[in-house]
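Could you walk me through how the parts of this structure fit together? I would like a short, friendly briefing that I can read alongside the picture.

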There are 2 protein chains.
Amino acid sequence: MKIEILCTGDEILTGKTVNTNHSYIAQRFTENALTVHWGTTVGDDRESLTTAFRQASERADAVIVNGGLGPTVDDLSQEVAAAAAGVELECNQEWLVRLKAYYEDRGRVMPENNIKQAMLPAGAEFIDNPIGTACGFAVDINNCRFFFTPGVPREMYRMINEQVVPRLLAMRGTKVVTRLKRFHTFGIGESRADRLLEDVINPDEQASGLLKLGFQTHYPQLETKLSAQAGNEEELDALLKPAEAELRKRLGNFILCEDDESLETLILNTLAESDSTLSCIEMTTGGAIASRLMKHEQSKQVLKQCRVSHQPEQLHESPTPESPPDISTQSAVALAEALNLSTGSTHALVVLTREDMQTKNPSIELCIGIADPSGTSQRQAILQGRTGWTRLGATELGLDCLRRHLLGFPVDEKIDFEQQ
Amino acid sequence: MKIEILCTGDEILTGKTVNTNHSYIAQRFTENALTVHWGTTVGDDRESLTTAFRQASERADAVIVNGGLGPTVDDLSQEVAAAAAGVELECNQEWLVRLKAYYEDRGRVMPENNIKQAMLPAGAEFIDNPIGTACGFAVDINNCRFFFTPGVPREMYRMINEQVVPRLLAMRGTKVVTRLKRFHTFGIGESRADRLLEDVINPDEQASGLLKLGFQTHYPQLETKLSAQAGNEEELDALLKPAEAELRKRLGNFILCEDDESLETLILNTLAESDSTLSCIEMTTGGAIASRLMKHEQSKQVLKQCRVSHQPEQLHESPTPESPPDISTQSAVALAEALNLSTGSTHALVVLTREDMQTKNPSIELCIGIADPSGTSQRQAILQGRTGWTRLGATELGLDCLRRHLLGFPVDEKIDFEQQ
């Protein structure tokens, strides 16, 4: 089955907005073993839309159109869809009632413009949008099924996952319950992960798309995805559970967290559960550890203080230019212990760094120290590469050592990104 | 003149990589009054590429193809281009010599694969790539001019700006010297900027594309762009200088910086020029001020220390739970003065915040204090909106107050994003 994605809108065409909607839709489809064959972007322009609908209908079995369902004059999707399908626009009374209620709930009267959002091509299949004013719909153009979806990302996400993917799977004749399991790791590169996991899924399952393994790199993290399709939840469990268990075994301590959890929330939750608190000292990572932790509400209770400086003499309690700490794991641990004393935190993470950016092969040396009432941990590593890259790695390694310390895992397992 | 952008590659088509190349190319074209009419994305697949080239050639006058110029078997652009143009592939001897030298310079022997990168359609116009192994080329397919560019972003950026844009402007018959002038502001929303500047450029100039005004929002900053085309540099000056002066006058103190300078580098350079140093205290902005400043090399000399916490009692020199500072501009100034004493910095910026996230209209109250040997400044503001949004605004307002203090501008000019 050939599927196309057709994104509409001047902002995307002219580059003012980066087209993340295409990549979102294509990723969800790929995870469901639905192959995206072509992508088109056109502006809010009747002639282009008409040509694009016709050409897509000649190439594909299904087309997802994104955008152009708004209430303004430059939103043309319904009108061009009706013309291309050779039918009139009709008012969907049910959606009109819902639209009026939507505005009433917000203490407003629906503007006249918005009636346009209830006008669908005659005979179109209605597709619900529970969180917005642009409903979706599906219609056939030249024997190709067109699905129209809103351009607002969160409305589109929900419609794609809940409404469009199941319809496409049904069109393809596959079973329609799907599930996506995600593992987030740090320290294993994509090519090693690929080799480590190559025989977890048997080739028949991978080819059939019933159980699929995929990777996505968000450096410094790697996301490993297992996607499954089956007739019901029990079959999904039967497919996924053994593969999940095998992945957990092979990726081991490198797994930071699963699904929607993040490394930061795992650390903050683990600390909060034992009424523990944290302070940090960061050198070259420049506030990145603080910034990542403090995005989360739990940090208001857990995080006492972060001290950030490039200058070692600023890392003491009272800055003492006479005797800056040397950059070593011993210093990092000593600073961590002193930091707990001065801020009243139970746990302290200290990341000292020495950057060597002048040479042909720039690098950062990291000396990490952790202290809590149960003891201390330390880790040394050298990361190579350009500054932005190594600082990202340094931030991640600091947080990862804290996670390993908290969970009782070894903090010194070598990662792929460090000098061996 | 109708122009299309055709991006190739499985990674983009399947959403694994977001297509930022399309938006980059489209933006550069739009700034040069070159209209992008259509966008296509196809995978590394001979049949799709052939169809895409044919259809684009029937719709457009010029097509920019991006990607598929690499040395591996899935890089098909040259081969499909030659077939579509009805010619053979020929080895470009000049490029082959350059390729071999490229590898020699790096102490390596060129792999056999890379010969492929010197194979161009017979009669194609060679387009130089001074920083990579994939040269560009141009060829006619069905009377439409196709420009082939590498997928590696920094190679593509340079080829688009230096080679493709001038050729397109020449095709269109316009004068070929172009310049882009950019102003970065904080505190003025796009719609107000649009009204403020609406008569800076006369409608004839705007319509002709000789002098064009445009906006791009990167919240909390707004980028205002002036783009000009002329026959030579003197004509460019004559077109741009009066408009630039008028923009500077109207946007006034809200201009953070121009062109490639950033707010952070302006602050760091201004401090460095007078051998001054800076310390900061951040509350809810969570390390974002530190993180932005410390990305820049100058911060190693200028920035003494940043202290980051959600907890007011942690903001004193020695954490004192008994008497946390109240959240007021007086406290912020007092903390700034104390911070200079304890860290030895000449300048201190303190951003205290009180978040109210429970109500229907969440907000942050900001109390900013600045101290240096010449005196103090203070600023209070309330920003409304969801947490991530207001924290971005708070970070920017803190840095902007410091800029205004350093340059002798009033720190209390109201911004569009605060409660009036």
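Here is a short tour of where the two chains meet and how chain A is divided.

This is a predicted model. The contact between the chains takes 47 residues from chain B and 46 residues from chain A. Chain A itself is assigned three domains, listed further down.

**Where chain B touches chain A**
- Seen from chain B, the elements that give two or more residues to this side are α2 (20-31), β2 (36-42), α3 (46-59), α11 (288-294), α12 (299-302), β14 (303-308) and α13 (329-343).
- Look at α2(B) on your screen: with eight residues, α2(B) gives the largest share of the side of chain B that touches chain A.
- Sorted by class, this side of chain B has 15 nonpolar, 27 polar and five charged residues.

**Strands that pair across the chains**
- Strand β2 (residues 36-42) of chain A pairs with β2(B) in the antiparallel sense, over three bridges.
- To find a spot in this pairing, look for Thr41(A), which stands opposite Gly39(B) in β2(B).

**Domains within chain A**
- The domain assignment splits chain A into domain 1 (3-172), domain 2 (177-258) and domain 3 (263-407).
- Taken over C-alpha atoms, the centres of domain 1 and domain 2 of chain A are separated by 32 Å.
- Where these two domains touch, domain 1 of chain A gives five residues and domain 2 of chain A gives eight residues.
- On the side of domain 1 of chain A that touches domain 2 of chain A, the classes are three nonpolar, one polar and one charged.

Note on methods. Residues are numbered from 1 along each chain as its sequence is written. Chains are lettered from A and ligands numbered from 1 in the order in which they are written. This is a predicted model: local features need pLDDT of at least 70, side-chain atom pairs count only at pLDDT 80 or more; totals for chains, interfaces and linings use all residues. Two residues are in contact if their C-beta atoms, placed from the backbone, lie within 7 Å. Helices (H or I, at least four residues) and strands (E, at least two) are DSSP runs, numbered from the N terminus. Ala, Val, Leu, Ile, Met, Phe, Trp, Tyr, Cys and Pro count as nonpolar, Asp, Glu, Lys and Arg as charged, and the others, Gly among them, as polar. Two strands pair if DSSP finds at least two bridges between them. Domain bounds come from an automatic or database domain assignment.
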